[in-house]
Every structure is written in C-alpha cells, then in structure tokens.
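Please work through the following exercises with the sequence and the coordinates open beside you. Each task is followed by a solution that proceeds step by step.

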Amino acid sequence: MEYFKPQFLLGMTASPERTDGFDIFQLFDHNVAYEIRLQKAMEENLLCPFHYFGVTELTVDGQTIDDTTEFRYLISEQRVDHILKQANFYGYSGTRVKGLIFCSRKTEAEKLSLLFNERGYQTVALSGVNSQEERELAIERLEQEEREGGLDYIFTVDIFNEGVDIPQVNQVIMLRPTQSPIVFVQQLGRGLRKSPGKEYVVIIDFIGNYQKNFLIPIALSGERTYNKDTIRRYVAEGNRVIPGCSTIHFDAIAKQRIFASIDQMKGLRKLMKESYENLKYRLGRIPSLMDFYETGEMDPLLILAEYKTYPAFLAKVEQAYEMNQFTQQELYILEYFSRIVARGKRPHESMLLQALLENETIQIEDTEKKLQAEYGLTEQTESLTGAIGVLTGSFVSSDAERQKYSEIDMIQEHNGWKHTYVRASRFQEKLRHSAFRKQMEDLVALGTCQYKALDKMGQNRRGAFVLYEKYSRRDVCLLLNWGKDLSSTMYGMKRVGKDVAIFITYHKGTAEEGRSYAEGKPDYADSFLEGSSRLFLWESQIGKGPDSGYMKDVLEAEYKHLFIKKSDAEGTDFYYMGQVDILEVKAGQKKDNTGRMREISKVMVQLHDAVREELKAYLEA
C-alpha cells in the first residue's frame, strides 16, 4: 500500500472491527463506501440459512462446565456422550456430516478427536502448529463426497475463524465460551457459505456457566448497544431476530444461564472501550454520545450510568483528554442532567433546555405550543412546572444530592413577566465555555432522541408512560409530577394525590446455590394467576393488613400503576405493566425477620392491558 500510488484505492474486509486494536479505517480516510452485516446478508439471501441451538453444557459430578472447569471434565467420557447425543439429535443437511468443532485449547481438541475416533468417527485436530498443507489436506478430506478416507469433523483451536473457505460445512459445534461477538460470528460464518445439496447449516452451541454468555444473543442479533433489555428480548423472542427461514432456539436451562449473564454483564467497561475505539476509528474523531446513539453502538445511557458523565468516560479512554478543563460545578451540572434529561422519559426538560441554550429568555407558552405541535401533548402546565423544578435543582430531595446540586442555578423567573424565564447569570457564563456547552447540547440531543423513540410506540402509550418500557422510581416521580424525587422512600408502594405506584420484584432475594429463582421464592405470592395474562396476585408489606392506612392509600387512589422487575439483579428499573383495578383484598399472615407472625394483605388485581406473553414468560422463568 505504501509502494503503489493508485488513482483510486478500494479496500474490502470481513472484519472492520478488529480484536487487535488496529485502525483499519484510517487507511482509507474513514470513508465507508458500503457495509453489509449478517442480518442484511441473510435478508438478501446471500448466505445459507442456519438453525442455531443453544443447548445446556454437561454437568459432571455436580459440577457444571464453566470458565474455570478442570481439564479432566472437558475430556470426560460423559462429555463426549453428551456432545454426540446432541450432534446426532439436531443433525445436518446432506448425505453425511461435514462438521467443524471449535474448542478452547489445543489439548482439549486433540483428546476429544481421539475419543471420537475410538467411537468410529473420522476426525482430526488442527491448531496453529499445523502447516498450511496439513490444513488443506484436512479440508479436502472433510469436503470429499465419499466418507471412506474422509473426515466427519475437524476439531480446531484459534484457526478457521477467518480466511478459510469450506462451503460444504453443514454442522458447526461450539465447545468454548464466547469471548467476543466478532469471533462468534466468524466461527458461525464458517457454515454460512452456500453449497449444492446443502439446504441449511446446524449450529450447536454448548452453553455452560460462562460469565460472557450475554455475548451470544449480541452476536446472533447484530445488536451492538449492549442494552440489557434489548438483549433479553432477543433471547426471549428467538426466531423473530433472524430474517428468512433461519431459526434460533435456546433450551430452558441455557436461556436461564444467558439471562443470569445479562444481569451481571461482566467486563462492561472493557466492552465500552472497545466500542468507543471502533466508533472512533470509523469516524476518524472522538465520538459524541449522539454518535453512539445514531450508529447503534454501545448504548450511551450505559456509559453515563457507569461513569456519571461523558467527560469522565473520555478521561478513561483518551490519555490526552483533560478533565480539568471543566469546573467542579460544571461537572455536577453534567452529572445531574445525565441522570435525568438524557434518559428522555419525557420531552419537557430537553425542550426547555434547548430553548435555554438558544435564547436568553424563554416563554412557557411557546414551549406548550411546541409540545402540542411535535408530540400532540396538550394541557402540559403541570408537567412544565415540574420540568422547571428539575432545571432549578429543586426536584432532588436527599441531603447528599441537595448539597451537590443546590447551585445548579440555570434558570430564573423574569421579573415582571408572567410565565417567562431567563438564563441565570452564572449559567450564562458557563455557556461561554465551549466544551461545557458542547456536552450540554449532546445531552439535550440524546434526551430528545430517546423520547422520540418512545413516542413512536403510540399504541402502547398510557398517559405519561409506555407499556412494558422500563422506569426507575425517580422516573415515576418525574412523570407523575410529584415535584420531588421520593425514590429513597418508595419501596413497595407510594401514593401522592390521585396516583399510587406499586413496585414489585417478581423474584425476591437470591436463590440458594443450585436452585432456580422459582425454587427460591416459595414464601412469596407475587405472581400472575396460573393461565391468566391479566390477573395478578400481590402481597403487601408485612404488617400492612386490609384495614391499614397503607392499603387505604392503595384502594382510594384513582389511578393505580403497576411496575414489575424480575429480580434485583436487573438494576433499579421496572417494567410498566399499566394501570390495574383491585378485585379482592384478603387478610393473611407472614413471618417477619424475627420469626413473629404478622398481618399482611393478599390482593388480587386485574391489569387493564393483558401482559405480552414473552414478557410474562421472562418474568416467570
């Protein structure tokens, strides 16, 4: 490339996002002429359809194979039995099997190949130590028509991920943990070449207790945001993810292992850095939060949740980035709006902030007209009053936050002009700082886009909320216009005015080792009535009987909102299940922490909207 001086240079690669940190985009001045990924290639019928089966790895002597499993378990007779049973069950397309088996280590591949051969199979193990001639001969034997003298399987380690063409491969078996979605797709791709007589390829992925199981649905779906709820939805919906006649299926235990991995999501900071570097190389500059959002890279809200502000993240991934260009007060402002405005649960704060960035004076009437014109929102006076409270920092209620954010000082009422606000002098001064202003504009743009994405779900909108979207307790306080963040005192239930919000964790506590969530919650009745997608059984806090003020608040509230999350491992956000009606309240008893029996209320509610089946199945699993 340095020697030749062409008038036009075209580069083609199957791996633009690399694992070696090399910036391939800079070789071509960051110009991407055309790009096609797995999903689109499947839609265009450029690849062979595949049937993916995520199956449970073996348990030997009570030990499930994981990232630290002893070698003797990996090459046990029981594991060979398990692999062959699944391989024969799921089968292949064609007259005989022509398979690739990806292993974690060279010794594992060699021993498993030997054990397969002892059972009548014809296999070889290849790794980086084998010559090109040895590899080519093995491929010829695998692809030959007759089985005599041929190969059923090639066991491989660290080769055949890329740069090799074996169109007749009709079965791919994965016996290693997924460490990278890039490598996963490369290995999957070994079977995606079309070949005469091959209608599809079977992918069998043995899923153990691996920390990075969450990378499997990311790789299969092409999802790059690492948004936990999006990944969970891919696992739950399976076949809807892949276009055409390809299919995805996880068995029940494998699905649970992936969900558990999504909850923990180990190594997130490393993944954020990799995503950042890929995007930076592609763009040829330091990306903004909006660049992440618009390109479908790492969810910018995950970055903000992990680092509190985008400058704090940049300081970690860019050695030359200077945090001291911001004052402490500027960082507090960025942190405050990263937590509230960037989430985009409603447009009011973003719209007011945008007006405040563009004009020294803003009128509430103009904002009301804009809300109606852009989003069809009417009678927004109460919500705009609450949004003004957010901009002045009065929304926070905890002592720690009040102390930190007490001098947000962005906006103030105009003397003598009703419903008119002006920039506070100190905020006016901060906006002269170009780096701070750029960060504020980025947050406002992100919040606006987040809300517009929600606004597209019009059929699921129920007042201020969208069905099955996720909201924190803080979001609920904001959207119900409670004026203050009361999340620190909102446990199972909170009533303010006409609204009551009920928060339920479906699987309370942590199941004991070796038990599923369902087995770990026999003392809790919070669950959907069997066979129903609208009737839900809920138990009040201990000590809150039918005649308590607690239950009186619930019963007398005009609007009863139900929020559910699967477990505490999911974080602080709950799915909005819509409004409910109370059908029945009965007295019950339950032991408190001291073992004493206390009164509770057993409540049956009816959802206004039947819950989506895939969400119900996920919560109950």
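The exercises below move from the whole chain to single residues and their salt bridges.

**Conventions.** This is a predicted model, in which local features need pLDDT of at least 70 and side-chain atom pairs count only at pLDDT 80 or more, whereas totals for chains, interfaces and linings use all residues. Residues are numbered from 1 along each chain as its sequence is written, and side-chain values use heavy atoms, with hydrogens and water left out.

**Exercise 1.** Determine whether the radius of gyration of the protein agrees with that of a compact globule.

Solution. Begin with the rule, which takes the radius over C-alpha atoms and sets the globule value at 2.2 Å times the number of residues to the power 0.38. For 621 residues this gives a value near 25 Å, and the protein, at 28 Å, agrees with it. Next, consider the box that the C-alpha atoms fill, which is roughly 95 × 75 × 40 Å along the principal axes. Finally, 52% of the 621 residues count as buried, where buried means under 20% relative accessible area, exposed over 50%, and partly exposed in between (1.4 Å probe, protein chains only).

**Exercise 2.** State how confident the predictor is, and find where pLDDT stays under 50.

Solution. The scale is the predictor's confidence in each residue, from 0 to 100. On this scale the mean for the protein is 90, and 96% of its residues reach 70 or more. The stretch to mark is residues 510–523, where pLDDT stays under 50 and for which the model has 18 contacts beyond four places in sequence, a contact being heavy atoms within 4.5 Å.

**Exercise 3.** Describe how helix 15 is covered, and then place aspartate 291 in its surroundings.

Solution. Helices (H or I, at least four residues) and strands (E, at least two) are DSSP runs, numbered from the N terminus. Helix 15 spans residues 348–358 and is mostly covered, since 9 of its 11 residues are buried; among them are His348, Glu349 and Ser350. Turning to helix 11 (residues 289–295), one finds aspartate 291, which is buried at a relative accessible area of 10%. Leaving aside residues up to four places away in sequence, aspartate 291 touches Leu279, Leu283, Arg285 and Ile286.

**Exercise 4.** Compile the salt bridges of lysine 470, arginine 37 and arginine 598, and say which parts the lysine 470 pair ties together.

Solution. The criterion is a side-chain nitrogen of Lys or Arg within 4 Å of a carboxyl oxygen of Asp or Glu, and the structure holds 40 such salt bridges. Lysine 470 pairs with aspartate 229, their closest N and O atoms being 3.2 Å apart. Lysine 470 lies in strand 15 (residues 470–471) and aspartate 229 in helix 8 (residues 228–237), so the pair ties together parts that are 241 residues apart in sequence. Lysine 470 is buried, with a relative accessible area of 6%. Both residues also belong to a network of salt bridges that links Asp229, Arg232, Asp263, Lys470 and Glu570.

For arginine 37, the partner is glutamate 35, at 2.8 Å from N to O; arginine 37 counts as partly exposed at 30%, and glutamate 35 likewise at 38%. For arginine 598, the partner is aspartate 592, with the closest N and O atoms 3.4 Å apart; here arginine 598 is partly exposed at 26%, whereas aspartate 592 counts as buried at 14%.
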